[in-house]
Amino acid sequence: MAYKVGFIGFGGMISGYHLGAIRRDDVPFEAVAAFDIDPERREAAEKAGLAVYSTPEDFFEAGGYDLVVVGTANNYHCEMVCRALEAGFNVMVEKPAARNAGEVRKMIEVSEKTGKLFTVHQNRRWDPDFLMVKQALADGVIGKPRVIESRIHSANGNGDMYGWRGMKDHGGGMLLDWGVHMLDQLLWMAGEPVKTVSANVLSYWSEEVDDYAKVILTFESGLVAQMEVATYSPIPLPRWVVTGDRGAFRADEIGSPALNVRRITEDSLSRDPVKAFEDFKVVERLQSRHRIAGFEEFSYNKTPGGGWHSLYQNLAGVLAGTEELIVKPCQVLRCLEVIDAAFRSSEEGVKVTF
Ligand SMILES: NC(=O)c1ccc[n+]([C@@H]2O[C@H](COP(=O)([O-])OP(=O)(O)OC[C@H]3O[C@@H](n4cnc5c(N)ncnc54)[C@H](O)[C@@H]3O)[C@@H](O)[C@H]2O)c1
């Protein structure tokens, strides 16, 4: 049996990604209808074989959806999600769930009141590089993690601020666009309460919205996580650099096939780890990069697999009552609270404590 999906908004992400994901053989959903305010997008939806609607009333009235997927510009998310929940449908909204935590609270409230499912398309929880980093930490590859650095610079995958993405009231800007993916990944991977948030959120080139953000999170265990998104930097920095008490690893790109690990050997660890680190520095400075006293270098490429479509497979399990929802509303709320805190930290020059 295929679960029926109706789309609100049939723009780039819905037509370019969701439609194809839903039409995979291993994803038990079927796209049946779309509502969009733009006649050209309705025409595109019709060509793709969907029933099309020009008003939300007609779209809801036609009904029959097991899931409504909202993929409009960010400023319409909260209104459309609440209307779809109130019309009696389960809803998944594109990221960022909303422009701020207040809007997320409202959507959760309506979901609880109506008893309908509410979740968010945090598809980058299934990015292969992220899954590999998460697995490597779970495997203790570099011991206890101390600092996780997550970066997106324009040269390795950032988007430009065109159209509504450049408008503040539409929920534009890079912290909401890319930052929400990166912070969701960090919060989910850390799996513990965030303690403080400090940030610099800047607009170098954009008139209204941020095009650079650095957010530093500290967690209760002492773990530090940092995300940096730099739209207009032409220098690619590694996607991930993670340092632990036994070594470090890096992955250069989104989708890097492996992590490059440098780790203190068991032998050096048992003798004198501080000495091994000192030897390492001296050898790095004076001799070949490859002769590293007390250290080993290797590639790590273990990953639990899956891909962005795994999110739809999880939703199918949730609708069938056989699986727990992976992208939980409370996690989405915490992520938007962190983003609110980051804007505040930057504006007021303070470290925000949770
Ligand atoms: N998860 C991801 O990796 C990812 C990638 C890209 C975009 N997105 C998200 O997807 C959403 C859409 O982004 P996009 O790039 O497809 O934008 P887009 O501008 O291409 O598409 C938005 C569509 O919504 C329609 N629309 C706008 N207001 C509407 C309303 N009130 N009612 C009905 N339809 C309306 C527009 O006509 C347009 O067709 C955003 O929230 C964005 O952040 C997510």
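Entry 1, the parallel sheet. I count two strands as paired if DSSP finds at least two bridges between them. The model is predicted, and I began with the sheet whose strands run in the order S3-S2-S1-S4-S5-S6. This sheet has six strands, is open, and is paired in parallel. I looked up which strands stand at its edges. They are S3 (51-53) and S6 (118-121); each has a single partner strand, so one side of each is left without a neighbour in the sheet. Direction ignored, neighbouring strands here are turned by 25° against each other on average.

I then checked one pair in detail. S2, residues 29-35, pairs with S3 in the parallel sense over three bridges. I noted phenylalanine 35, whose bridge partner in S3 is tyrosine 53.

Entry 2, the mixed sheet. I traced a second open sheet, of nine strands with mixed pairing. I read its order as S14-S13-S12-S11-S7-S10-S9-S8-S15. S14 and S15 (352-353) are the edge strands, and each pairs on one side only.

I spent most of this entry on S7. How many of the nine residues of S7 are buried? I found seven, and logged the strand as mostly covered. With S11, strand S7 pairs in the antiparallel sense over five bridges. I recorded two positions facing S11: serine 150 stands opposite tryptophan 240, and proline 145 stands opposite glycine 244. S7 and S10 run parallel and are joined by seven bridges. There, isoleucine 152 has valine 229 in S10 as its bridge partner.

Entry 3, helices on the mixed sheet. I looked up which strands H7 lies across, and found S7, S8 (194-202), S9 (212-219) and S10 (224-230). H7 runs at about 160° to S10. I did the same for H11, residues 329-348, which lies across S8, S9 and S15. The angle of H11 to S8 is about 55°.

Entry 4, helix H6. I listed the buried residues of H6 (residues 128-138): Asp129, Phe130, Leu131, Met132, Val133, Ala136 and Leu137. What do these buried residues pack against? I found one helix, H7 (174-190), in the list. The strands I found there are S7 (145-153), S11 (240-244), S12 (247-251), S13 (259-264) and S14 (295-300). I also noted that H6 is followed by glycine 140, which has a positive phi, near 70°.

Entry 5, domains. I took the division of the chain as domain 1 (3-121) and domain 2 (125-258 + 301-306 + 339-348). The centres of the two domains, taken over C-alpha atoms, are separated by 27 Å. I checked the contacts between them: eight residues of domain 1 are in contact with eight residues of domain 2. On the domain 1 side of that contact I logged three nonpolar, three polar and two charged residues.

Entry 6, the ligand. I looked up the residues around the ligand and found that 22 surround it. The closest are Gly9, Gly11, Gly12, Met13 and Glu94. How does the shell around the ligand divide into nonpolar, polar and charged residues? I logged seven nonpolar, nine polar and six charged.

Conventions:
Residues numbered from 1 in each chain as written. Predicted model: local features only at pLDDT ≥ 70, side-chain atom pairs only at ≥ 80, totals over all residues. Buried ≥ 20, exposed ≤ 12 C-beta atoms within 10 Å, placed from the backbone. Contact = placed C-beta atoms within 7 Å. Domains from an automatic or database assignment. Nonpolar A, V, L, I, M, F, W, Y, C, P; charged D, E, K, R; others polar. Near = placed C-beta within 6 Å. Axes fitted to C-alpha atoms, helices over the stretch in contact; angles between N-to-C directions.
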